[in-house]
Amino acid sequence: MLKKSWIFLLIGAAFLFTLIGFIVKSLAQDYKPKIVVVVKTLNTEYWKILESGANKAFQDFNVDGQVIATNYESQITEQVQMLERVLKQKPDALIIALTQPSSAISVLKEYKRSNIPVLFVDTEADWAGQTAYIGTDNYELGKKSGELLASMLLPGDQVALIHTAVINPDMIARLKGAREALEAAGIEIVAVQPADNESGEVKLAMDHILQAYPDIKGVFAGTDTIAISTLQQLKENGIQVPVVGTDGTMKMVKSVEDGTLSATIAQNPYDMGYLSVEKALKAIKGEPVEKKVDSGVSVVIKGDVKERIDFLTTILK
């Protein structure tokens, strides 16, 4: 009788261990790492492309992920408040495109204290606590943009640089690269103007530049939204000079297609979004992650336009 009781106990224990193993395995299969991506806005094509790349990675890697943003890039305080709210959700990792890094470092330190990996995407920041930066080498981006603009001009020609009203390290590096490339080619930079595209300042900036320097021969724009507004303003004034943007959005690429521009510079925000999620997953698993992942820059010329347009059409539909 005692022997039978031991047999039943052993069978019961074996069943219990099997059941526990099944439950643990089931829970492991159902577990999805939670990753939150905070970008500057979702009201422009550039950030929608980055969002599309992140969403594809969420799908491919079975991630519980979301991409969120403030309404406008200029909402610095609102982005910090958004980071504070996300922290309370205790995600497994944070991916952030900072509008103004200096304003957000204090809250990012709270993520670090909570052992939540913080990865920067698109915008670099001088903070030792970051896990990685995924994005463009902005100095090289500016340099290539400056070289492209200079290739369309002659030594001694006058150009203007228009950049975002909110200055961050990326824009500083971008402007530095453009300035050095233009000056090396003998191009005269006659104006460096900040302009908030959301409030119509690009129009005012171009009006001021054209009045002061009517013989201007080209414009470097810190973003494509600024470049597109600059092209429109030049068109309204009956002026056709090269404008080089830095993002490779649909309107800029189509401007190459229709001959308004001979070429433009393109970043790869889709790759930034995808790679940032991929690297965040490695960080969550405790695997080593390279500190800097360069997503690359391309010069888009007429021969490359169709392929670029087809790609953008697919991911933006």
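The expected span of a helix is 1.5 Å times one less than its number of residues. In this predicted model, helix 7 (201-212) offers a convenient test of that rule. Helix 7 has 12 residues and reaches 17 Å from its first C-alpha to its last, close to the 16 Å expected.

The two sides of helix 7 are worth a look in turn. Val-202, Ala-205, Met-206, Ile-209 and Leu-210 are the buried residues of this helix. These residues cover an arc of only 125° around the axis, which puts them on the same side of helix 7. The spacing fits a familiar pattern: an α-helix has 3.6 residues a turn, so residues three or four places apart point the same way. On the other side of helix 7, Leu-204 and Gln-211 are exposed. The cover over the buried residues of helix 7 includes strand 6, strand 7, strand 8 and helix 8.

From here the description moves to the nonpolar interior. The largest nonpolar core has 32 residues, and those with the most contacts inside it are Ile-162, Met-206, Ile-209 and Val-243. At least two residues of this core come from each of strand 6 (158-163), strand 7, helix 7, strand 8, helix 8 (224-236), helix 9 (250-257) and helix 11 (305-316). Helix 7 gives the most to this core, with 5 residues. Leaving aside residues up to four places away in sequence, Ile-162 touches Gln-193, Ala-195, Met-206, Ile-209, Val-219, Phe-220, Ala-221, Gly-222, Ile-226 and Thr-230. A second, separate core of 25 residues includes Ile-95, Ala-97, Val-277 and Ala-280.

Next come the strands. An open sheet is formed by 4 strands in the order 7-6-8-9, with parallel pairing. Strand 7 (188-194) and strand 9 (243-244) stand at the edges with a single partner strand each, so one side of each is left without a neighbour in the sheet. For strand 9, the pairing with strand 8 (residues 218-221) is in the parallel sense and runs over 2 bridges. Here Phe-220 has Val-244 in strand 9 as its bridge partner. Phe-220 is also among the residues that Ile-162 touches.

Strand 3 (residues 93-96) is covered on both faces, with Ala-93 and Ile-95 buried on one side and Leu-94 and Ile-96 buried on the other. Strand 1 (residues 34-39) runs parallel to strand 3 and is joined to it by 4 bridges, while 3 bridges join strand 3 to strand 4 (residues 118-121), again in parallel. Ile-96 takes part in both pairings: in strand 3 it is the bridge partner of Val-38, and in strand 4 its own bridge partner is Phe-120.

Finally, the aromatic rings deserve a word. The structure holds 4 aromatic pairs. One of them is formed by Tyr-46 and Trp-47, which are edge-to-face at 5.0 Å centre to centre, with 85° between the planes. Both Tyr-46 and Trp-47 are buried. In another pair, the rings of Phe-61 and Tyr-274 have their centres 5.7 Å apart and their planes at 55°, so the pair is tilted. Phe-61 lies in the loop between helix 2 (45-60) and strand 2 (64-69), whereas Tyr-274 lies in helix 10 (residues 269-284), so the pair ties together parts that are 213 residues apart in sequence. With a relative accessibility of 29%, Phe-61 counts as partly exposed.

How values were computed:
Residues are numbered from 1 along each chain as its sequence is written. This is a predicted model: local features need pLDDT of at least 70, side-chain atom pairs count only at pLDDT 80 or more; totals for chains, interfaces and linings use all residues. Side-chain values use heavy atoms; hydrogens and water are left out. Two strands pair if DSSP finds at least two bridges between them. Rings of Phe, Tyr and Trp (its six-membered ring) pair if their centres lie within 6.5 Å; planes under 30 degrees apart count as stacked, over 60 as edge-to-face and the rest as tilted. Buried means under 20% relative accessible area, exposed over 50%, partly exposed in between (1.4 Å probe, protein chains only). A nonpolar core is a set of buried Ala, Val, Leu, Ile, Met, Phe, Trp, Tyr and Cys residues joined through side-chain atoms within 4.5 Å. Contact means heavy atoms within 4.5 Å. The arc is that of the directions from the helix axis to the C-beta atoms.
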